[in-house]
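Here are some worked exercises to try with the model open in your viewer. Have a go at each task before you read its solution.

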Amino acid sequence: MICYRLACARDHTFEGWFRDSAAFESQARMGLVTCPQCGETRVDRALMAPAVHTRGESPKGAPVAEESAAPQATAPALPDAVRAALMRARAEIERTCEDVGDGFAEEMVRMHRGDRERRGVYGQTTAEEREALHDEGIEFGVLPWLPRADG
């Protein structure tokens, strides 16, 4: 993965993570890279200073296994482009699908078995419920559910 500093045609800057430079070029050409501030799709890489690490040195702020086996207390901040994409995904899911809350796993099983009409639903599951859905061969996705920007 590579992190680029990006700038839209309106000079807003933000970060974006891509598999490689070809992935960025392809996505940008198709208009899939958008500015999280204004939605502009004319986006290009901005000038950035590379991070250079020498052997035995960890990146600034990165956990080092040798120093501590304790898990990190806080997760790293999401890049702006990822946060914007997740917020757009949440808005679209809420607009087009039904919130079934804690009954997500049950509802998915009912639809899978034909007891309920297939439709877009979203909700919460436990790790055990996700494993049971997977064992049944039921396809579903898991997304980080970020708080709404307006609330």
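Both Tyr4 and Phe18 are buried, where buried means under 20% relative accessible area, exposed over 50% and partly exposed in between (1.4 Å probe, protein chains only). Before the exercises, some ground rules: this is a predicted model, so local features need pLDDT of at least 70 and side-chain atom pairs count only at pLDDT 80 or more, while totals for chains, interfaces and linings use all residues. Residues are numbered from 1 along each chain as its sequence is written, and side-chain values use heavy atoms, with hydrogens and water left out.

**Exercise 1. Work out the ring geometry around Tyr4 and Phe18.**

Step 1. A pair of aromatic rings is described by the distance of the centres and the angle of the planes. Rings of Phe, Tyr and Trp (its six-membered ring) pair if their centres lie within 6.5 Å; planes under 30 degrees apart count as stacked, over 60 as edge-to-face and the rest as tilted.

Step 2. A search of the whole structure gives four aromatic pairs. For Tyr4 and Phe18, the centres are 6.1 Å apart and the planes meet at 40 degrees, so this pair is tilted. It ties together distant parts of the chain, with Tyr4 in strand β1 and Phe18 in strand β2, 14 residues apart.

Step 3. Now take Phe18 with Phe24: centres 5.1 Å apart and planes at 80 degrees, so call that pair edge-to-face. Phe18 and Phe24 are both buried. Put the ring pairs together and Tyr4, Phe18 and Phe24 form a cluster.

Step 4. Don't forget the charge: the charged end of Arg45 sits over the ring of Tyr4, 4.9 Å from its centre. The test here is NZ of Lys or CZ of Arg within 6 Å of the ring centre and within 35 degrees of the ring normal.

**Exercise 2. Find the strand order of the open sheet of three strands.**

Step 1. Get the terms straight. Helices (H or I, at least four residues) and strands (E, at least two) are DSSP runs, numbered from the N terminus. Two strands pair if DSSP finds at least two bridges between them.

Step 2. Look at the bridges of β1. Strand β1 (residues 2–8) is joined to β2 by six bridges and to β3 by three, and both pairings are antiparallel. Leu6 shows the two sides nicely: its bridge partner is Phe14 in β2 and Arg45 in β3.

Step 3. Read off the order, β2-β1-β3. β2 (13–18) and β3 (43–45) each have a single partner strand, so they are the edges and one side of each lacks a neighbour in the sheet. From one strand to the next, the twist averages 45 degrees.

Step 4. Add the helix. Helix α1 (residues 21–29) lies across β1, β2 and β3, at about 160 degrees to β3. Axes are lines fitted to C-alpha atoms, for helices over the stretch in contact, and angles run from 0 to 180 degrees between N-to-C directions.

**Exercise 3. Is Asp11 buried or exposed, and where is it found?**

Step 1. Asp11 is in the loop between β1 and β2, which form a hairpin with four residues between them.

Step 2. Its phi is near 65 degrees, a positive value in a residue other than glycine.

Step 3. Asp11 has a relative accessible area of 66%, so the verdict is exposed.

**Exercise 4. Describe the surroundings of Glu107.**

Step 1. Glu107 belongs to helix α3 (residues 104–113). At 5% relative accessible area, this Glu107 is buried.

Step 2. Leaving out residues up to four places away in sequence, Glu107 touches Val100, Arg116, Arg119 and Val121. Contact means heavy atoms within 4.5 Å.

**Exercise 5. Check how confident the predictor is across the protein.**

Step 1. pLDDT is the predictor's confidence in each residue, from 0 to 100. The protein has a mean of 79, and 79% of its residues reach 70 or more.

Step 2. Flag the weak stretch: over residues 57–74 pLDDT stays under 50, and the model has six contacts beyond four places in sequence for them.
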